[in-house]
Each structure stands twice: as C-alpha cells, then as structure tokens.
Amino acid sequence: MGMNVGSPADPGRHLVWDWNGTLLNDVTAVIAATNAAFAEIGLPPITLERYRELYCIPIPLFYERLLGRMPTDAEWLTMDVIFHRHYAEHRVACGLTDGVEELLGEWRRAGHSQSLLSMYEHDELVPVVRGYGIESHFVRVDGRTGPSGGSKAVHMERHLAALMGTAAPERTVVIGDAVDDALAAAHVGARAVLYTGGSHSRAILEEVGVPVVDTLTEAVEEAIRLVA
C-alpha cells in the first residue's frame, strides 16, 4: 500500500475539511468566547468585522494585534482557558453550515474520499463531530494534539502521512476559512479553497491567491476543478 500513490488511477480526489468556521457554523460562539477572554484581561469587546480583519494564526499574534504588544505567558494561558470554557458553552447552540450533510454524502457516494483536520483539541473534537452525526463520511478525523496556539502546517503533514495510499497531495484540496488552511495546504503540496463564512474577511482571503467562495457548495465545485 502507499507504493502506488503516484499512479494516475489511484488514489482519487480527496478533500481535507476544516471544522471550526467551515463545516461548523460557529463564528458567533467564537466571537462570544473571544470577548469573554478579552474581558478577563481588561480589553474591550470586538465586533465580527474587526475580528475578521485582524484574526491570524498563531493566536498569540492575533492577541498582539489587539493589545499592541505580545500577551504575557500568564495572560495567554488565562485567555486560552477562558476562551475554551466559553466556547464550549456557546458551541452547543451552533449548527452545521448550510448543506454540509448533503455535500459530504454526495462526495462520498461519488467514490471520492474526505477527511477532517482541525486545530480543535483532538479528544474534544471527535465526540463533537460524532454528535453532529457526520463522522461516518470521513476516512479520518484529526484534531490538534499538543499545546494550542500553533499553525496547521505540521498537523497537515502528519494527517496526509497517515492517509498515504488514500490521499495523494496533488489530488488533495483543503477547504477552510482561514489563511492558515491555505498555507498548510501549500506546505504539503495540496491545493486550497477558502470560504468566507468563518474567521477572515473576503479581502484578506483573496490576498492568498487561491479560490475564495461564499458557500461550501461552491468550494466543492472549485475543488473538482482544481484536481480535475
């Protein structure tokens, strides 16, 4: 297995889906949790528009943009804990992005493979994805292991290595809502499509130079075009 990764017939098209802000429509929960974390260290609340203008990975850099300085280690830890606690409370009210179940089902029935890679902590991610009833569509579901605050590139490398024989980078498209998703795709030699429903404004996503779409249906159409 894995020896025929470069053969034209196999493997076929593969999608790597992002979770937060992509498959899960959780931007309201993210803003609420971010503002709870800000309040903890005396920062005023932020609007969705401002969040989308300033958001970046790694997260400590995002906080630096807001604070005008890097958060101290103590501030970062406090904010991280508060964020995750509030996010978990608000997330339960969030649904999947419009059309997700249909898109995942159609892709699988067409004989293509797909997986999910998130920077959400792995042991928390798996039961959450299962709870939304879509786990069976994915050949693999990977969340972050290790400390939060990093970038996705290394996780993407491990994710595709684990999928060797199922997914070849040149036949893989990453669908996400953040600049970091496109950087992670480029890091492993995959393509990317970015979706405007999550953490960045369209203007920021368009600077990356990959297709930018307003719906996940369009994202899948672009993916098919990219790895025809």
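## Starting with helices and strands

Here, a helix is a DSSP run of H or I with at least four residues, a strand is a run of E with at least two, and both kinds are numbered from the N terminus. With that in hand, look just after helix α5, where G111 takes a positive phi of about 90°. Keep in mind that this whole structure is a predicted model.

## The sheet

Let's start with the strands. Six of them form an open sheet in the order β3-β2-β1-β4-β5-β6, and the pairing is parallel. In general, strands of a sheet pair through backbone hydrogen bonds, either parallel or antiparallel. Which strands stand at the edges? They are β3 (140–144) and β6 (212–213); each has a single partner strand, so one side of each has no neighbour in the sheet.

Now walk through the pairs. Strand β1 (residues 14–17) is joined by four bridges to β2 (residues 113–121), and four bridges also link β1 to β4 (residues 172–176). W17 is a handy landmark: W17 stands opposite L116 in β2, while its bridge partner in β4 is I175. L15, also in β1, has Q114 of β2 as its bridge partner. Going on from β2, four bridges lead to β3, with S115 partnered by R140. Towards the other edge, β5 (residues 191–195) and β6 run parallel and share two bridges; one partnership there is Y195 with V213.

## What covers the strands

Are the faces of β1 covered or open? Both are covered: H14 and V16 on one side are buried, and so are L15 and W17 on the other. Strand β2 tells a similar kind of story, because seven of its nine residues are buried, so the rest of the structure largely encloses β2.

Helices play a part here too. Helix α6 (residues 122–131) lies across β2 and β3, and runs at about 130° to β2. In helix α5 (residues 100–109), the buried residues are V100, L103, L104, G105 and W107. What do these buried residues pack against? They pack against β1, β2 and α10 (216–226).

## Two nonpolar cores

In soluble globular proteins, nonpolar side chains tend to be buried together. In this model, the largest nonpolar core has 55 residues, and W17, W19, L23, F62, Y63 and F138 have the most contacts inside it. Helix α1 (residues 27–40) gives the largest share of this core, with seven residues. Another core lies apart from it, with 16 residues, including M156, L163, A167 and V174.

Zoom in on L23. Setting aside neighbours within four places in sequence, L23 is in contact with W17, D18, L96, T97, V100, L104, L116, F138 and L216. So where does L104 turn up again? In helix α5, as one of its buried residues.

## A buried loop residue

I134 is found in the loop between α6 and β3. I134 counts as buried because its relative accessible area is 1%, with the cut-off being under 20%. Beyond its neighbours within four places in sequence, I134 is in contact with W19, L96, E101, L104 and V129. I134 and L104 are 30 residues apart along the chain, and their C-alpha atoms are separated by 8.0 Å.

## Two helices packed together

Two packed helices are described by the angle between their axes and the distance between the axes. For α1 and helix α4 (residues 73–91), the angle is about 145° and the axes are 8 Å apart. Their crossing is right-handed.

Which residues of α1 and α4 meet? On the α1 side there are A29, V30, A32, A33, T34, A36, A37, F38 and E40, and on the α4 side T78, M79, I82, F83, H86, Y87, H90 and R91. By class, this contact has eleven nonpolar, four polar and two charged residues.

## A cis bond to look for

One last stop is the loop between α2 (48–54) and α3 (59–67), where you will find P58. The peptide bond from I57 to P58 is cis, with omega near -5°.

Technical notes:
Residues numbered from 1 in each chain as written. Predicted model: local features only at pLDDT ≥ 70, side-chain atom pairs only at ≥ 80, totals over all residues. Heavy atoms only, no water. Buried < 20%, exposed > 50% of the residue type's maximum accessible area, 1.4 Å probe, protein only. Pairing = 2+ DSSP bridges. Core = buried A, V, L, I, M, F, W, Y, C linked by side-chain atoms within 4.5 Å. Contact = heavy atoms within 4.5 Å. Axes fitted to C-alpha atoms, helices over the stretch in contact; angles between N-to-C directions. Left-handed = near helix turned anticlockwise from the far one by under 90°. Nonpolar A, V, L, I, M, F, W, Y, C, P; charged D, E, K, R; others polar.
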